[in-house]
Amino acid sequence: MRHKVAGYKLGRTTSHRRSFFRNAVTSLIMEERIETTVPKAKALRPVAEKMITLGKQGDLAARRQAASYLMTKESVVKLFDTIGPRFGDRQGGYLRIVRSGWRKGDGAEKAFIELLGSEQVQEEKKQKRAEARAKRAAETKKAMEEAEAQQQAAKASEGGESKDE
Amino acid sequence: MPNPKRRHSQKRTATRRAHDALKGRSLSECPNCHERKLPHRACPKCGYYKGREVLDIKEAS
Ligand SMILES: [Zn+2]
């Protein structure tokens, strides 16, 4: 009996759900890793694997099928040019879901879903984030120092005026 | 309408609740930092899972 295994509705109407899947798969292909809730990640897995299978087929019909589902042209190009060939020797199981803690606002359990073999991309992204963070920190520090200098200058001029009176 | 005939004694209440205690979460040990963590999840302390998965964990400054 395959009772009660109809899949995930995710509290959405059919069209809302379809939009969500299309957006999420497109993002997953472009970013290689996305963070969502556990049920969304699990619901996304079969959709994404079917897309990658299209990417592996690589012919024009498959390309048109993928283009009719994915949201951007760039994602289709990436799916067929880099992701499809990457999984050439693998029979499914292209994705990894890892539970990664709980969301602050509503306590939902978060997970990230990523393409296998995207470790290098993740490392590069991490590096970029760290650089951006360092840059931001340096800018804040500079702004604070400037503000302090200005304050001291203002104080000095104020003192001068009061002496004149 | 049916109603209780007798008041329950404290003992009867306590006896019924004898099996109501909550159990603690079963935890496993993180192979990387040896903290106790929930099984099948990335370690919230060091961000490791299965030897390599790293979440961005900020060091406490
Ligand atoms: Zn750990």
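**Exercise 1. Determine which helices cover the buried residues of α3(A), and how those residues are placed around the helix.**

Solution. In this predicted model, the cover over the buried residues of α3(A) includes α1 (14-31), α2 and α4 (73-86) of chain A. The next step is to name what lies beneath that cover: within helix α3 (residues 60-69) of chain A, the buried residues are A62(A), A66(A) and Y69(A). They lie on the same side of α3(A), because the arc that they cover around the axis is only 60°. The last step turns to the face directed away from this buried side, where the exposed residues L60(A), A61(A) and R64(A) are found.

**Exercise 2. Describe the surroundings of P39(A), beginning with the element in which its place is found.**

Solution. P39(A) is placed in helix α2 (residues 38-57) of chain A. Its relative accessibility is 37%, and since buried means under 20% and exposed over 50%, P39(A) counts as partly exposed. If residues up to four places away in sequence are not counted, P39(A) touches Y8(A) and L10(A). A comparison of sequence with space completes the description: P39(A) and K110(A) are 71 residues apart in sequence, while their C-alpha atoms are 9.0 Å apart.

**Exercise 3. Characterise the interface of chain A and chain B by its residues, its buried area and its salt bridge.**

Solution. Begin with the residues, of which chain A brings 13 and chain B brings 10 to the contact. Between them, the two chains bury about 980 Å², and 51% of this area is on carbon and sulfur atoms. Across the interface, the rule finds 2 residue pairs in polar contact, both at pLDDT 80 or more. On the side of chain A that touches chain B, the elements that give two or more residues are β2 (95-102), β3 (109-115) and α5 (119-164) of chain A. Of the elements of chain A, β2(A) gives the most to this side, with 5 residues. Sorted by class, the side of chain A that touches chain B has 3 nonpolar, 1 polar and 9 charged residues.

The remaining step concerns the salt bridge, of which the rule finds 1 across this interface. Its partners are R41(B) and E109(A), whose side chains meet at 2.6 Å, N to O. R41(B) counts as buried, at 16% relative accessibility, and E109(A) is buried as well, with a relative accessible area of 16%.

**Exercise 4. Examine the salt bridges formed by E114(A) and by R103(A), and state how accessible the residues E114(A), R103(A) and D106(A) are.**

Solution. A search of the whole structure finds 12 salt bridges over all chains. In one of them, the side chains of E114(A) and R33(A) meet at 2.9 Å, N to O. This pair links distant parts of the chain, since E114(A) belongs to strand β3 of chain A and R33(A) to strand β1 (residues 33-37) of chain A, 81 residues apart. At 1% relative accessibility, E114(A) counts as buried.

For the second case, R103(A) forms a salt bridge with D106(A), and the closest N and O atoms are 2.8 Å apart. Here R103(A) counts as partly exposed, at 33% relative accessibility, whereas D106(A), at 52%, counts as exposed.

Conventions:
Residues are numbered from 1 along each chain as its sequence is written. Chains are lettered from A and ligands numbered from 1 in the order in which they are written. This is a predicted model: local features need pLDDT of at least 70, side-chain atom pairs count only at pLDDT 80 or more; totals for chains, interfaces and linings use all residues. Side-chain values use heavy atoms; hydrogens and water are left out. Helices (H or I, at least four residues) and strands (E, at least two) are DSSP runs, numbered from the N terminus. Buried means under 20% relative accessible area, exposed over 50%, partly exposed in between (1.4 Å probe, protein chains only). Contact means heavy atoms within 4.5 Å. Buried area is the accessible area (1.4 Å probe) that two parts lose on being put together, summed over both. A salt bridge is a side-chain nitrogen of Lys or Arg within 4 Å of a carboxyl oxygen of Asp or Glu. A polar contact is a pair of N or O atoms within 3.5 Å; within protein, one must be able to donate a hydrogen and the other to accept it, and residues adjacent in sequence count only if both atoms are side-chain atoms. Ala, Val, Leu, Ile, Met, Phe, Trp, Tyr, Cys and Pro count as nonpolar, Asp, Glu, Lys and Arg as charged, and the others, Gly among them, as polar. The arc is that of the directions from the helix axis to the C-beta atoms.
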